[in-house]
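I sat down with this one and a cup of coffee to see how its parts fit together. Here are my notes, in the order I looked things up.

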Amino acid sequence: MRLADLAASSHAGVTLDDIAEEFGVHERTAQRMARALSDAFPHAVETHDGEDRRRRWRIREVPIARLRLHGADELEALETAIRALTDNGDGRHARSLSSLKTRLIAALPPLAARAAEADADALLEAHGIAARPGPIVKVDPSLVDTVADAMRGPFCIEFSYNGERREVQPYGILTGPRRYLVARQRGEEGSLRHFRLDRMSDLRITDRWFARDNGFDLQRYAARAFGAYQNEAEFGEVVWRFSKKAAERAAEWRFHPSQTSVLLPDGRLEVRFEASGWLEMAWHLLWWGDTVEVVSPEQLKALVSNPDRNAGALP
């Protein structure tokens, strides 16, 4: 099914090299996979030789529902994403995935559909995915939908925030225990600001279009923070050293997308990255108790210097 998706999404078709690279297999296995693709979709698969004399396999346009679900794993993945999005207050994307799930299940024979749903429910229960632990601030789903509609324009939006009326250019939403709108306030050049969605009210889309900065990348922007909160005054290198006792466990964690890790000669693990958000870092470090040392910055070291934290257990 993955190969079918790949062949259907490529206008030129997929070569044996493409298959080998995508699935991490040898050429002979790629050849067997190509034959299996033709056997599974005999009326949809086209083959042709390109100008480079390499054979390509392509699936003609076929409604995705005809490909059907491969099994409970795909249904479980969809349901997991739907529940996670719902928990985070992202009703728009949750509804879109729910609609996709419904259409895919409808393409299955009734017995197969019931079996797939039962297996997916069992997998969700076995992996503890059904319940999301931890606090999260509730946000009005209609507000998130309105912001998304504005970003399609993109159009400026107006809302009340802490007793003041604001007009901003929306650039994206950062998710977490709290959700933030990343936006540029009208009349302010260059700087982006964060607005908590749970504090916004009476939001409406204006008819004022704005030119979005094409160089802006939300993922790169978000990586400047440890969590959701950003503070340019705090941005800089962060260095943590985990004790020999905690080194193996810490090595399993990705604390930040930009991190580098080095195992020191004495068995400790040193982790480095660049970000802001000292308070959120301190909250996380409390989990590790006295098994972690903050080397820098000094301000973060001061935040976690309370001896009461030493009773903490490893995450």
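The entries below go from confidence to cores, sheets and helices.

**Confidence**

I began with the caveat that this is a predicted model. The chain averages a pLDDT of 81, and 81% of the residues score at least 70. I then asked where in the chain confidence is lowest and where it is highest. Helix H4 (residues 64-67) is at the bottom with a mean of 51, and strand E8 (residues 236-242) is at the top with 95. I marked residues 126-134, where pLDDT stays under 50 and the model has eight contacts beyond four places in sequence. I marked residues 309-315 too, since pLDDT is below 50 there, though this stretch has 21 contacts in the model beyond near neighbours in sequence. My reminder to self: where pLDDT is low, the predicted coordinates should not be read in detail.

**An enclosed helix**

Next I looked up helix H11 (residues 278-285). Six of its eight residues are buried, so H11 is largely enclosed by the rest of the structure. I listed the buried ones as Trp278, Glu280, Met281, Ala282, His284 and Leu285. What covers them? I found that the cover includes E8, strand E10 (269-275), strand E11 (292-296) and helix H12 (298-303).

**Cores**

I asked which residues touch the most other members of the largest nonpolar core. Of its 21 residues, they are Trp240, Phe242, Phe255, Phe273, Met281 and Leu300. E8, helix H10 (244-251), E10, H11 and E11 each give two or more residues to this core. I followed Phe255 further: leaving aside neighbours within four places in sequence, Phe255 is in contact with Phe226, Trp240, Phe242, Ala250, Val271, Phe273, His284 and Trp288. There is also a second, separate core of 16 residues, with Val144, Val147, Ala150 and Met200 among them.

**The five-stranded sheet**

I traced an open sheet of five strands in the order E6-E5-E4-E3-E7, with antiparallel pairing. Strand E6 (193-196) and strand E7 (200-209) stand at the edges with a single partner strand each, so one side of each has no neighbour in the sheet. From one strand to the next, the twist averages 45°. Strand E5 (residues 180-185) is joined to E6 by four bridges, and Leu181 has Phe195 in E6 as its bridge partner. I also noted helix H8 (residues 141-152), which lies across strand E3 (155-161), strand E4 (164-174), E5 and E7 and runs at about 15° to E7.

**Toward the N terminus**

I looked at strand E1 (residues 45-49) and strand E2 (residues 55-59), which pair in the antiparallel sense over five bridges. His48 stands opposite Arg56 in E2. E1 and E2 form a hairpin with five residues between them, and in the turn Arg53 has a positive phi of about 65°.

Helix H1 (residues 2-9) and helix H3 (residues 27-40) have axes that come within 10 Å and cross at roughly 80°, which makes H1 roughly perpendicular to H3. Leu3, Ala4 and Ala7 of H1 make the contact with Met33, Ala34 and Leu37 of H3.

Is Ile59 buried or exposed? I found Ile59 in strand E2, and at 4% relative accessibility Ile59 counts as buried. Not counting residues up to four places away in sequence, Ile59 touches Ala4, Ala7, Ala8, Leu37, Phe41, Ala44 and Val45. The C-alpha atoms of Ile59 and Ser9 are separated by 8.2 Å, with these positions 50 residues apart along the chain counted as their spacing.

Note on methods. Residues are numbered from 1 along each chain as its sequence is written. This is a predicted model: local features need pLDDT of at least 70, side-chain atom pairs count only at pLDDT 80 or more; totals for chains, interfaces and linings use all residues. Side-chain values use heavy atoms; hydrogens and water are left out. pLDDT is the predictor's confidence in each residue, from 0 to 100. Contact means heavy atoms within 4.5 Å. Buried means under 20% relative accessible area, exposed over 50%, partly exposed in between (1.4 Å probe, protein chains only). A nonpolar core is a set of buried Ala, Val, Leu, Ile, Met, Phe, Trp, Tyr and Cys residues joined through side-chain atoms within 4.5 Å. Two strands pair if DSSP finds at least two bridges between them. Axes are lines fitted to C-alpha atoms, for helices over the stretch in contact, and angles run from 0 to 180 degrees between N-to-C directions. Angles under 35 degrees count as roughly parallel, over 145 as roughly antiparallel, 65 to 115 as roughly perpendicular and the rest as oblique.
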